[in-house]
Amino acid sequence: MTKYLNVNGKENRNLVIPDDFVAVSREQHPRNGEQVTVVRYQKEGPVVLNNAHVTVIYGSDNRLISYNNFSFEELGSLPRSQQAINLATQVFQSIDSAYAHQLSFMRIDQETRTFTNDAGQLVTTPILWVKFAHHNGSYNWVSIGPNNEIVEIERESRWDFGQWRRGTEEWNLDDWVLAREGKGPQLKAPSALA
């Protein structure tokens, strides 16, 4: 039976938690000056960075800030551009309709996301990165993978125009966490400084 993330007390069928995943860590970290809760789901055991996992970030008021699902190994096609925009809009509506009302579509980029599976193989997933601007000045997006699977959602991301890179902390990106902990290299722009 498929598990889904609960958002505002309701099961959100856009946001999958793999059946064999459990919450293995729950930590508090600063993000844009706010203390947020970062929850990591993976197979039971100690946290293993860059493995198959789902990371979810909640604001201090329990609003969903981000969802990253690095566990898809499915083949399939990406949606067409208008279908991707429609799906991304619907996903934001399902999370926070008042917030979604103030989003304006910007563009779609084609990217990839990677993780290492249980067999030690690097899995690369193509995505359509559907980006929106919000009236509050932030950048927001939904990333859609093969078969219309939601790979990422993020809201309230700030841009550092002076550094020409992301200004918001990236607790949902394992390589950034490694850099922050002094266990990996500083990521190149446009990633945030660790």
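Start by selecting Asn69, Phe70, Ser71, Phe72, Arg113, Phe115, Thr125 and Val151: together they line the largest cavity. Keep in mind that you are looking at a predicted model. The space inside is about 30 Å³, and the count of cavities of 30 Å³ or more comes to one. Colour E6 and E7 while you're here, as they are the elements that give two or more residues to this lining. By class, you'll find four nonpolar, three polar and one charged residues around the cavity.

Now keep Arg113 on screen and move to the largest pocket, with a volume of about 950 Å³. Its lining has 35 residues, and Arg113 is among the closest to the centre, along with Trp129, Glu170, Pro190 and Ser191. Show those five as sticks.

Next, bring up the elements around the pocket. Strands E6 (64-70), E7 (103-116), E8 (122-134), E9 (139-144) and E10 (150-157) each give two or more residues to the lining, and so does helix H3 (174-180). Pick out E7 in its own colour: this strand supplies the largest share, eight residues. Then colour the pocket lining by class to see 14 nonpolar, nine polar and twelve charged residues.

Time for the nonpolar interior. Select Leu5, Tyr67, Ile150 and Ile153, the residues with the most contacts inside the largest nonpolar core, which has 35 residues. Add helix H1 (residues 81-95), the element that gives the most to this core, with seven residues.

Which residues does Tyr67 touch, leaving out those up to four places away in sequence? Centre on Tyr67 and you'll find Leu5, Leu15 and Val16, then Val54, Thr55 and Val56, and finally Ile150, Val151, Glu152 and Ile153. Val151 should look familiar from the cavity lining.

Apart from that core lies another one, of nine residues; select Ile65, Trp171, Trp176 and Ala192, which are among them.

Finally, zoom out and switch to cartoon. The chain has three helices and twelve strands. Its radius of gyration is 16 Å, close to the 16 Å that the globule rule gives for 194 residues, so the chain is as compact as a globular protein of that length. Along the principal axes, the C-alpha atoms fill a box of roughly 40 × 40 × 30 Å. Colour by burial and 49% of the 194 residues come up as buried. If you draw the contacts with a separation of 6 or more, 46% of them join residues 24 or more positions apart.

Note on methods:
Residues are numbered from 1 along each chain as its sequence is written. This is a predicted model: local features need pLDDT of at least 70, side-chain atom pairs count only at pLDDT 80 or more; totals for chains, interfaces and linings use all residues. Side-chain values use heavy atoms; hydrogens and water are left out. On a 1 Å grid over the protein atoms alone, a cavity is a set of points where a 1.4 Å probe fits but cannot get out, and a pocket is an open set with protein on both sides within 12 Å along at least five of seven lines; lining residues have an atom within 4 Å of a point. Grid points are joined across faces, edges and corners, and a volume is the space filled by probe spheres set on the points. Helices (H or I, at least four residues) and strands (E, at least two) are DSSP runs, numbered from the N terminus. Ala, Val, Leu, Ile, Met, Phe, Trp, Tyr, Cys and Pro count as nonpolar, Asp, Glu, Lys and Arg as charged, and the others, Gly among them, as polar. A nonpolar core is a set of buried Ala, Val, Leu, Ile, Met, Phe, Trp, Tyr and Cys residues joined through side-chain atoms within 4.5 Å. Buried means under 20% relative accessible area, exposed over 50%, partly exposed in between (1.4 Å probe, protein chains only). Contact means heavy atoms within 4.5 Å. The radius of gyration is taken over C-alpha atoms; the globule rule is 2.2 Å times the number of residues to the power 0.38.
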